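Reader: Hi, I'd like to go through this structure with you. Can you put it up first?

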Amino acid sequence: MDDMRLALLLNAVSPAVGGVLVRGEKGTAKSTAVRALAAVLPPVAVVAGCRFGCDPAAPDPDCPDGPHLTDSPAPQRPARLVELPVGASEDRLVGSLDIERALTEGVKSFEPGLLAAAHRGVLYVDEVNLLHDHLVDLLLDAAALGRAYVEREGVSVQHAARFLLVGTMNPEEGELRPQLLDRFGLTVEVAAPREPELRAEVVRRRFAADADPAGFSARWDVEETALADRIAEARERLPRVVLGDDALRQVTAVCAAFEVDGLRADIVTARAAIAHAAWSGRETVTEDDVRVAARLALPHRRRRNPFDAPGLDPDTLEQALDDARPEEPEDDPTPPEGDGGGRPEETGESAGETPPGREGTGSDADSTEAPPSAGDPVPPRGEADDTDGDTALPVPAPERAAVDPGEAFRARRLEVPGIGEGVAGRRSKARSDRGRVVGSRRPEGAVTRLHLVDTVVAAAPHQRARGRSGPGLRLQKEDLRQATLEGREGNLVLFVVDASGSMGSADRMAAVKGAVLSLLVDAYQRRDKVGLVTFRGSGAELALPPTWSVEAAAARLTGLPTGGRSPVAAGLLRAHETLRVEAVRDPRRRPLLVLVTDGRATGARGVDHLGEARRAAGLLRAAGTAGVVVDCEAGHVRLGLAGDLGAHLGARTLRLDELGAEQLVRTVKDAA
């Protein structure tokens, strides 16, 4: 909590730091802390009547409401906290141009968006990890440039948009892409306190606020005023803070030590160190300022793959600071004559003697171990007695220890056939608000993306009737055509993984897990939701309900044990039920079923398990579920049972070694 408070305050002192991303579990007061920030920000003077909040001391020359006179009235108002909903449209964020009036009346009519409302205030995005990628791109571009640009069919508007950007997210619901994560200046992790007394105090204050909101706020007026004054003083001090060469070398040494990509980390860390010095009342950046800034600016920039958790090793940080610390002049190391110099033979210690007070630290002490107890952990795999899988044992069969996934690779793109209408993503084709133009239609409301050619074609036959006698085109509202765009959508990728004993050796299961892990990385990059169904023994389970968190799916997959019979039908039926429920919750998101199995359906005697699996596959096919079967069968003799399931499912069947993107390229070249 202290780090979150400090990160917010540093951005309040210097918005150039680049904003704050607050990560934490649900119920940790992330939103409460952010909303409280606006109350301690200094009030701002604005040009009277300006919808864009221009500063009267330096009005924006490109302001759509301008030009502003230098002697315009300048009332003061509190700094605004503007919230961006997850489901907001692009026009709601950046503003909208009335294309109809621009073309038919020649009037440039612009309606400001949330970026204009947040100018010189705070823009808050709750659950920023669920915001559409293109909106996050627009948001972070505006935050970096300090301006918002709106362009529609040759009509362009721009205005100032400088704000303190704060995003909150729960990592369990999915991560931000690394490119977007890097654009946030600072990142902090928050968790609920574990001390009972501190938790009790939180409950007391909540009850007090609910009972008397006005009285509770009045109790903290003095502290809030003092905090606001300190922020204002730090802002006034900020331009005078000096970042010396020694401190700058420490900043760059720390960034190099943690092997962060690019130079944005160095710039942000330096800005945060300057802001911390101003906040602390200093006009020179010190080593402590660099240490604090690095702790807030670097953890989220160290991730090397989507499943790495943000973090910073404090020992590495201290070592980097120490290595970059300016060297102080050393005294002459040569001891004066007559001085012992500290050598062992001169201090009475021989090479074989143990100095006083260090007895018991040698190998004899280390070799003494307590006997193992009943609570000791099970020995690692390979040290325990192995059990033959064919030995007659009660059902269900014993589990085999989970094996680690094999080496991951760049996976080929698996798509849902047809054209969808889901949310923006990077997997399957879909009608969307972004992408290439594939046609036009009559607009149902305001025109947001004009198809210029089709608009001209629609207006051309009516020019004489409308009295046109010279150059120029006479347009009317009924001539306008909305462009139809085709882009990509995100899907629900439901993995159905065979974890039975028929999957064979540990090496084979490691390869299977590595392949599924590769597909999970691909789903992360394509902004898909993912789910995981596993089947083995006597049934199937939904190991992970559909979620945005591919990290959770990777963790469940890594810890997945194997063994027992192979109830393929149970796995497919559980998948069918999962997709039925998810279709009600998220009807626009088309599913993609990925069945990973060798197709050997087994179970109790006297039951046609293969027939049941075929019927379950047919049920999914009848529901219109798109699927891919990954055939894990190995060996020289192949039964082709997975391919048979794929035929009943109406899905493509790929061998395990055909999932790589490189293999797809080779296949295309061979076919050519």
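Reader: How much space lies in the largest cavity?
Author: About 80 Å³. Keep in mind that this is a predicted model.

Reader: How many cavities of 30 Å³ or more does a search of the whole structure find?
Author: Three.

Reader: Which residues line the largest cavity?
Author: Among them are Asn-129, Glu-173, Gly-174 and Glu-175. Further along the chain, the lining includes Ala-523, Tyr-524, Arg-527, Asp-528, Trp-548, Val-550 and Glu-551.

Reader: Which elements give two or more of those?
Author: Helix H17 (506–525) and helix H18 (550–558).

Reader: And how does that lining divide into nonpolar, polar and charged?
Author: Five residues are charged, four are nonpolar and two are polar.

Reader: Next one. How much space lies in the second largest cavity?
Author: About 40 Å³. Its lining includes Leu-414, Arg-427, Val-493, Phe-495 and Leu-519. Asp-522, Ala-523, Leu-592 and Val-594 line it too.

Reader: Which element gives the most there?
Author: H17, with three residues. Strand E15 (492–498) and strand E18 (591–597) each supply at least two.

Reader: How many of the lining residues are nonpolar, and how many charged?
Author: Seven are nonpolar and two are charged. No polar residue is in that lining.

Reader: New topic: helices. Where do H11 and H12 sit, and at what angle do they cross?
Author: H11 covers residues 245–257 and H12 covers residues 264–279. Their axes come within 9 Å and cross at roughly 135°. That angle makes H11 oblique to H12.

Reader: Is that crossing left-handed or right-handed?
Author: H11 passes H12 in a right-handed crossing.

Reader: Which residues meet?
Author: From H11, Val-251, Thr-252 and Cys-255. From H12, Ala-265, Asp-266, Thr-269 and Ala-270. The contact has four nonpolar residues, two polar and one charged.

Reader: What about H11 and H13?
Author: H13 spans residues 287–297. The axes of H11 and H13 come within 10 Å and cross at roughly 30°. Angles under 35 degrees count as roughly parallel, so H11 and H13 are roughly parallel to each other. Their crossing is right-handed.

Reader: Which residues make that contact?
Author: H11 brings Ala-247, Gln-250, Val-251 and Val-254. H13 brings Glu-287, Val-290 and Ala-294. Five residues of this contact are nonpolar, one is polar and one is charged.

Definitions and conventions
Residues numbered from 1 in each chain as written. Predicted model: local features only at pLDDT ≥ 70, side-chain atom pairs only at ≥ 80, totals over all residues. Heavy atoms only, no water. Axes fitted to C-alpha atoms, helices over the stretch in contact; angles between N-to-C directions. Helix = DSSP H or I, 4+ residues; strand = E, 2+ residues; numbered from the N terminus. Parallel < 35°, antiparallel > 145°, perpendicular 65-115°, else oblique. Left-handed = near helix turned anticlockwise from the far one by under 90°. Contact = heavy atoms within 4.5 Å. Nonpolar A, V, L, I, M, F, W, Y, C, P; charged D, E, K, R; others polar. 1 Å grid on protein atoms, 1.4 Å probe; cavity = no way out; pocket = protein on both sides within 12 Å on 5 of 7 lines; lining within 4 Å. Points joined across faces, edges and corners; volume = space filled by probe spheres on them.
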